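Hi everyone, thanks for making time for this. Please have the sequence and the structure open while I talk, and stop me whenever you like.

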Amino acid sequence: ISLNEDENYVQSRWRMIGELTTLPWKPKIDVIGRTKFWYRNASGDDINGGVQVYFYDEEWEIPAGKALLQLVTPAGTISNGSDLD
């Protein structure tokens, strides 16, 4: 997690893993991504220093098509391309 106070955003890097065990081929989705949350002072809450998120942007480190391939092939067939495996 990183904080950019000049541009008022927080950025996080995450990993989403899900196993779809109810499907016969038992696919597994494994995606790494980043989300930026832009924030501003909450109205009327300057005393307590409250903030509110007003916009966010998310991106994955693999193309969406590759993530889709993870869902239509058996688990472990399509890598997420990271060194976190």
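Let me start with a question: which side chain does the side chain of asparagine 80 join in a polar contact? Keep that in mind while we get our bearings.

First, a word of care: what you see is a predicted model. The protein has 85 residues, and 22% of them are buried. In secondary structure we count 1 helix and 4 strands. Walking from the N terminus, the order is β-β-β-β-α.

Let's follow the chain from the start. Strand 1 covers residues 2-4 and strand 2 covers residues 9-19; the two run antiparallel, with 3 bridges joining them. If you want to find one pairing, look at leucine 3, whose bridge partner in strand 2 is valine 10. Together strand 1 and strand 2 make a hairpin, and 4 residues lie between them. In that turn sits asparagine 8, with a positive phi of about 55°.

Next along is strand 3, residues 28-41. Strand 2 and strand 3 are antiparallel too, and 11 bridges join them. One pair to click on is tyrosine 9, which stands opposite tryptophan 38 in strand 3.

A reminder for anyone new to strands: in a regular strand, side chains alternate between the two faces of the sheet.

Now stay in strand 3 and find phenylalanine 37. Is it buried or exposed? Neither, in fact: phenylalanine 37 counts as partly exposed, because its relative accessible area is 30%, and the buried class ends under 20% while the exposed class begins over 50%. Phe37 also helps to make a nonpolar surface patch, together with Val53 and Tyr56, of about 290 Å². For the protein overall, the exposed area is about 6100 Å², and carbon and sulfur atoms supply 53% of that.

Back to our opening question. Asparagine 80 is in the segment after helix 1, which spans 64-72. Its side chain makes a polar contact of 3.0 Å with the side chain of aspartate 30. Why do we call asparagine 80 buried? Its relative accessibility is 6%, and anything under 20% goes in the buried class.

That contact links residues from separate parts of the sequence, so here is one last number on that theme, for the protein as a whole. Among contacts between residues at least 6 apart in sequence, 45% join residues at least 24 apart. Thanks for listening, and I'm happy to take questions.

Technical notes: Residues are numbered from 1 along each chain as its sequence is written. This is a predicted model: local features need pLDDT of at least 70, side-chain atom pairs count only at pLDDT 80 or more; totals for chains, interfaces and linings use all residues. Side-chain values use heavy atoms; hydrogens and water are left out. Patches are made of residues with over 30% relative accessible area and no salt bridge: like charges are joined within 9 Å, nonpolar side chains (Val, Leu, Ile, Met, Phe, Trp, Tyr) within 5 Å. Accessible areas come from the Shrake-Rupley method with a 1.4 Å probe; for residues, only the protein chains shown count as cover. A salt bridge is a side-chain nitrogen of Lys or Arg within 4 Å of a carboxyl oxygen of Asp or Glu. Buried means under 20% relative accessible area, exposed over 50%, partly exposed in between (1.4 Å probe, protein chains only). Contact means heavy atoms within 4.5 Å. A polar contact is a pair of N or O atoms within 3.5 Å; within protein, one must be able to donate a hydrogen and the other to accept it, and residues adjacent in sequence count only if both atoms are side-chain atoms. Two strands pair if DSSP finds at least two bridges between them.
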